[in-house]
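Please look through the structure shown here slowly, from its strands to its single residues. The paragraphs that follow take it one step at a time.

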Amino acid sequence: MHAQRARLAVWLAILTLAACGEPADPAHIGAPSFAAGGIGRPAVLVNPKSDDNGTAKTIQQGIDMVADGGKVMVVPGTYNEAILIDKGLTLEAVGGESGPVVVAPPGTVNAAIQVATPDPVTIRGLTVQFTGVRGIFGTGVVDVTIERTSVVAVNPPLGVSALISMFNDVPTTGRARAVVRESSLDGSLPPANSPTPAFPQIFGISVAGDIDARLEGNVIRRTGGACIFVIMNNNLAGETNADVIGNDLDECYPLGRAGSILVGPRAGFLPSPTHPVTATGEVNIVGNTIRNSTGSCLVTSAIVYETFTGRIEQNRILGAVPPCATPAARNSPGAIWVGSLPTRGFPRVSVTVRFNDIEGNAQAGLRVGPNETEPSLQASCNWWGSASGPSGAGLSGTGDAVVVEAGGAMPTFTPFATAPIAGTDATSC
């Protein structure tokens with residue numbers, strides 16, 4: 001009797017905490033059920049070691065039991081299951097002082113956690129370990145927030161895969177939303193110092209199509225593709241908006257030799273006279289730190305900006321491009337590439353490149369594509385690694401070079417910063 005009363009007291013405390021800050025709508029919340037198999041609870045505790053009939057033993061069971069908009073709270077442990085989230089909810093690790101909550105589905109999976117609902121879903125505090133195509137995956141019109149979550153690929157198979165991907169790249173009637181912040185992503189690939197290593201093209205975070213995304217404060221390592229890939233709709237239409245802010249990126253080993261942050265279409269989706277680009281969108285890349293600490297020859301650029309409009313500002317791009325870097329299908333070597341090659345046929349972009357620290361990059365700090373024919377690219381107030389400014393053809397500085405491809409126009413790069421500027425609040429130099 002005492003044990004039953006104690007369990008009931010714990011449950012009441014959990015439900016009280018879960019309800020804090022939530023709308024007190026009795027019609028929405030409903031009466032809690034403590035019977036085995038009860039459906040529609042505002043909060044469900046997942047604990048495989050519990051004998052309480054009101055507690056779920058698997059995460060999927062907890063998702064099935066909780067009400068729309070409710071909370072599934074998971075105690076530490078390893079959960080060998082792939083998860084489908086088909087309703088709006090919060091999936092959260094609790095009791096972190098006693099260990100992590102690890103989602104580790106057996107075998108090779110299409111997704112360790114798949115989101116298949118337009119209602120808001122929050123995933124917080126989990127560790128996802130998977131072998132397969134995707135760690136966390138949302139497709140179509142989804143509204144996903146991922147916070148303080150770790151996603152790790154374990155012996156990823158050869159082929160294209162992603163740690164986190166949110167794709168709304170087919171015609172839909174709505175827009176997707178994705179937030180990934182303060183999370184740790186690891187593709188678990190070895191250092192890539194060979195031009196043709198045998199490892200997967202695994203991307204860190206990919207967002208595509210008609211989506212509004214905020215990717216903020218994440219640490220991404222050891223990917224075989226771009227650490228962050230913002231992708232135009234496959235039909236070259238729609239609207240893609242993303243803020244890529246304050247991320248720490250290193251050991252991004254793109255097999256396609258593009259960028260640590262890549263903004264553009266998927267490989268093979270090119271415009272033609274009968275299929276022009278009509279896509280719009282704003283992609284801002286602000287306050288990120290990008291390195292290539294192993295000196296991998298696979299890194300051709302830190303940032304490749306081929307489509308959309310926006311800002312590239314206050315980033316620290318330190319030694320990302322090595323002397324051994326070679327041209328890619330999208331771009332030639334340079335810490336920041338802006339524009340498109342003639343073989344690709346994309347219209348010019350409108351982007352500002354300011355207040356960045358661009359230092360220690362071989363071949364070019366900024367390389368302007370041949371389609372950027374208008375002298376309107378604003379690239380002033382950058383630190384090029386030298387108080388004398390950038391080097392390059394016709395320039396007198398000794399810092400990282402400004403290089404303009406044949407047919408392109410020289411950007412405005414003066415005045416330039418005479419000391420590192422990215423970490424300051426400067427609005428001029």
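**Strands side by side**

Strand β24, which covers residues 283-286, runs parallel to strand β27, which covers residues 309-313, and the two are joined by 2 bridges. Within this pairing, Ile 285 has Ile 312 of β27 as its bridge partner. On the way through the sheet, β27 is joined in turn to β30 by 5 bridges, again with the strands running parallel, and here Ile 312 stands opposite Val 353 in β30. The model in which these pairings are found is a predicted one.

These strands belong to a wider arrangement, an open sheet of 11 strands with parallel pairing, whose order is β1-β2-β5-β9-β12-β15-β18-β21-β24-β27-β30. Why is one side of β1 and of β30 left without a neighbour in the sheet? Strand β1 (41-46) and strand β30 (350-354) stand at the edges and have a single partner strand each, so one side of each remains without a neighbour there. From one strand to the next, the twist of this sheet averages 5°.

Moving back along the order of the sheet, the reader comes to strand β12 (residues 143-147) and strand β15 (residues 176-181), which run parallel and are joined by 5 bridges. Asp 143 stands opposite Arg 177 in β15, and Arg 177 in turn stands opposite Asp 212 in β18, so that a path can be followed across the strands from one residue to the next. The pairing of β15 with β18 is parallel and extends over 6 bridges. Strand β18 is also joined to β21 by 6 bridges, with the two running parallel, and in that pairing Ile 211 stands opposite Thr 240 in β21.

Strand β18, residues 211-216, also shows how side chains can alternate along a strand. Which of its residues are buried, and which are not? Ile 211, Ala 213 and Leu 215 point to one face and are buried, whereas Asp 212, Arg 214 and Glu 216 point to the other face and are not buried. Asp 212, which faces Arg 177 across the pairing with β15, is thus one of the residues on the face that is not buried.

**A second sheet**

There is also an open sheet of 12 strands with parallel pairing, and its order is β4-β8-β11-β14-β17-β20-β23-β26-β29-β32-β34-β33. At its edges are β4 (83-85) and β33 (390-391), each of which pairs on one side only. Within this sheet, strand β11 (residues 134-139) and strand β14 (residues 160-168) pair in the parallel sense over 5 bridges, and Gly 138 has Met 166 of β14 as its bridge partner. Around β11 there is also a contact of another kind, in which Arg 134 lies over the face of Phe 137, at 3.9 Å from the ring centre.

**Loops and single residues**

Between the strands, a few residues deserve a separate look. Arg 222, in the loop between β19 (219-221) and β20 (228-231), has a positive phi of about 55° although it is not a glycine. With a relative accessibility of 25%, Arg 222 counts as partly exposed. Gln 314, in the loop between β27 and β28 (316-318), likewise has a positive phi, of about 60°, and is not a glycine. At 26% relative accessibility, Gln 314 counts as partly exposed.

Another loop, the one between β20 and β21 (240-245), holds Asn 235, which is partly exposed with a relative accessible area of 30%. Which residues does Asn 235 touch, if those up to four places away in sequence are not counted? Asn 235 touches Pro 171 and His 275. Asn 235 and Gly 209 are 26 residues apart in sequence, while in space their C-alpha atoms are 9.1 Å apart.

Further along the chain, in the segment after β34 (399-404), the reader finds Pro 415. The peptide bond that leads from Thr 414 to Pro 415 is cis, with omega near -5°.

**The chain as a whole**

The secondary structure of the protein chain comes to 3 helices and 34 strands. The chain has 429 residues, and 55% of them count as buried. Among the contacts between residues at least 6 apart in sequence, 73% join residues that are at least 24 apart. The accessible surface of the chain comes to about 16700 Å², and 55% of that surface belongs to carbon and sulfur atoms. The structure also holds 1 aromatic pair.

Conventions. Residues are numbered from 1 along each chain as its sequence is written. This is a predicted model: local features need pLDDT of at least 70, side-chain atom pairs count only at pLDDT 80 or more; totals for chains, interfaces and linings use all residues. Side-chain values use heavy atoms; hydrogens and water are left out. Two strands pair if DSSP finds at least two bridges between them. Helices (H or I, at least four residues) and strands (E, at least two) are DSSP runs, numbered from the N terminus. Axes are lines fitted to C-alpha atoms, for helices over the stretch in contact, and angles run from 0 to 180 degrees between N-to-C directions. Buried means under 20% relative accessible area, exposed over 50%, partly exposed in between (1.4 Å probe, protein chains only). Contact means heavy atoms within 4.5 Å. Accessible areas come from the Shrake-Rupley method with a 1.4 Å probe; for residues, only the protein chains shown count as cover. Rings of Phe, Tyr and Trp (its six-membered ring) pair if their centres lie within 6.5 Å; planes under 30 degrees apart count as stacked, over 60 as edge-to-face and the rest as tilted. A charge sits over a ring if NZ of Lys or CZ of Arg is within 6 Å of the ring centre and within 35 degrees of the ring normal.
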